[in-house]
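Please look through the sequence and the structure shown here, and then follow the explanation below, which moves from the meeting of the chains to smaller parts.

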Number of protein chains: 2
Amino acid sequence: MAVWQDKIEGANATWMKNYAEGNSAGVGDMYTEDCRVMPPGADVVVGRKGTSEVFAGAMKAGVKSILLKSDEVGPLDANDNTAFERGHYIFYKEDGSVADQGKYVVVWKKQANGAVLMDVDIWNSNNST
Amino acid sequence: MAVWQDKIEGANATWMKNYAEGNSAGVGDMYTEDCRVMPPGADVVVGRKGTSEVFAGAMKAGVKSILLKSDEVGPLDANDNTAFERGHYIFYKEDGSVADQGKYVVVWKKQANGAVLMDVDIWNSNNST
């Protein structure tokens with residue numbers, strides 16, 4: 001599991017860097033080509049292009065950076081090609097204040113080159129609206 | 001995969017029946033003892049008791065029944081002990097109108113007796129608030 005944990009934390013670090021740089025296409029590249037992304041307030045989004053647009057929308061809405069923090073990683077597959085991650089997030093505004101905080105579950109898929117990509121991503125806020 | 005799909009759909013049918021009967025403890029029994037349940041508007045809830053309370057709260061808030069509909073079960077390995085499910089839900093009020101609709105991801109764990117229980121459960125609404 002340590003291998004998965006390291007790979008996931010590495011991928012999350014790249015995800016966060018791409019987001020903070022305003023690189024929504026780079027965020028999309030952290031997902032599988034046929035990813036299923038499940039943002040609050042909308043139906044499932046399939047594929048990298050739509051996923052990039054989800055996060056471009058968050059950038060335009062004033063979320064300057066996103067912190068992803070793993071709480072748990074577990075195997076889903078005896079062949080070790082799939083794992084899930086449970087974690088927490090914080091959305092920060094430009095001034096460093098917190099725009100939102102919540103939690104997420106990601107299903108990760110190992111790629112032929114050994115890298116891991118997000119295949120399913122769902123999250124929700126801890127704040128009642 | 002058919003085995004997982006059948007087991008999950010069977011467990012979901014029991015979940016829905018328990019909920020519709022107002023049996024929040026029975027809903028809690030569909031989860032592992034140390035489940036991590038992630039409702040919108042609150043932090044992670046750990047364990048069956050807290051999980052029962054989450055759904056007892058939904059019952060009190062006027063959600064009379066819940067439809068769970070699987071869209072995807074993975075990975076493709078029937079011998080595995082863990083699988084994820086992605087699906088959609090509809091919350092119905094007493095008068096049959098829709099209180100909410102959205103989507104979910106569940107991590108399922110196979111038990112020693114062959115039954116499957118929800119180990120991680122996260123969902124969010126398709127409606128913006």
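In this predicted model, 89% of the interface residues of chain A are also interface residues in chain B, so the copies meet through the same surface. The contact is built from 28 residues of chain A and 27 residues of chain B. On the side of chain A that touches chain B, at least two residues each come from β1 (31-38), β3 (63-75), β4 (82-93), β5 (98-110) and β6 (116-125) of chain A, and it is β6(A) that gives the most, with 4 residues. Sorted by character, the residues on this side of chain A are 12 nonpolar, 11 polar and 5 charged.

How are the two chains placed relative to one another? Chain A can be superposed on chain B, with an RMSD of 0.2 Å, by a rotation of 180 degrees with 0.0 Å of shift along its axis. The two copies are therefore related as by a two-fold rotation axis.

Turning to a single chain, chain A contains 3 helices and 6 strands, and these elements follow one another from the N terminus in the order α-α-β-β-α-β-β-β-β. For a chain of 129 residues, a compact globule would have a radius of gyration near 14 Å, and because chain A has 14 Å, the two values agree. The C-alpha trace of chain A spans about 45 × 25 × 25 Å along its principal axes, and buried residues make up 35% of the 129 residues in the chain. Of the contacts in chain A with a separation of 6 or more, 43% are between residues 24 or more positions apart.

Helix α1 of chain A, which covers residues 2-20, has 19 residues and reaches 27 Å from its first C-alpha to its last, close to the 27 Å expected at 1.5 Å a residue. Within α1(A), the residues Ile8(A), Asn12(A), Trp15(A) and Tyr19(A) are buried. Seen down the axis of α1(A), its buried residues fall within an arc of 60 degrees, so they line one face of the helix. On the other side of α1(A), by contrast, Ala2(A), Val3(A), Asp6(A), Gly10(A) and Ala13(A) are exposed. The cover over the buried residues of α1(A) includes α2 (24-28), α3 (48-60), β3, β4, β5 and β6 of chain A. After the helix comes Gly22(A), whose phi is positive, near 75 degrees.

A second helix to examine is α3 of chain B, residues 48-60, whose 13 residues should span 18 Å at 1.5 Å a residue; its end C-alpha atoms are 18 Å apart, which agrees. Which residues of α3(B) are buried? They are Arg48(B), Thr51(B), Ser52(B) and Phe55(B), and because they cover an arc of only 100 degrees around the axis, they lie on the same side of α3(B). The face of α3(B) turned away from its buried side carries the exposed residues Lys49(B) and Lys60(B), and just after this helix Gly62(B) takes a positive phi of about 100 degrees.

Finally, consider Val44(B), which is found in the loop between β1 (31-38) and β2 (45-46) of chain B. With 18 other C-beta atoms within 10 Å, Val44(B) is partly exposed. Once its neighbours within four places in sequence are left aside, Val44(B) is in contact with Lys103(A), Arg36(B) and Met38(B). The C-alpha atoms of Val44(B) and Lys93(B), which are 49 residues apart along the chain, are separated by 25 Å.

Methods
Residues numbered from 1 in each chain as written. Chains lettered and ligands numbered in written order. Predicted model: local features only at pLDDT ≥ 70, side-chain atom pairs only at ≥ 80, totals over all residues. Contact = placed C-beta atoms within 7 Å. Nonpolar A, V, L, I, M, F, W, Y, C, P; charged D, E, K, R; others polar. Least-squares fit on C-alpha atoms with pLDDT ≥ 70 in both. Expected span 1.5 Å × (residues − 1). Buried ≥ 20, exposed ≤ 12 C-beta atoms within 10 Å, placed from the backbone. Arc of directions from axis to C-beta. Rg over C-alpha atoms; globule rule 2.2 N^0.38 Å.
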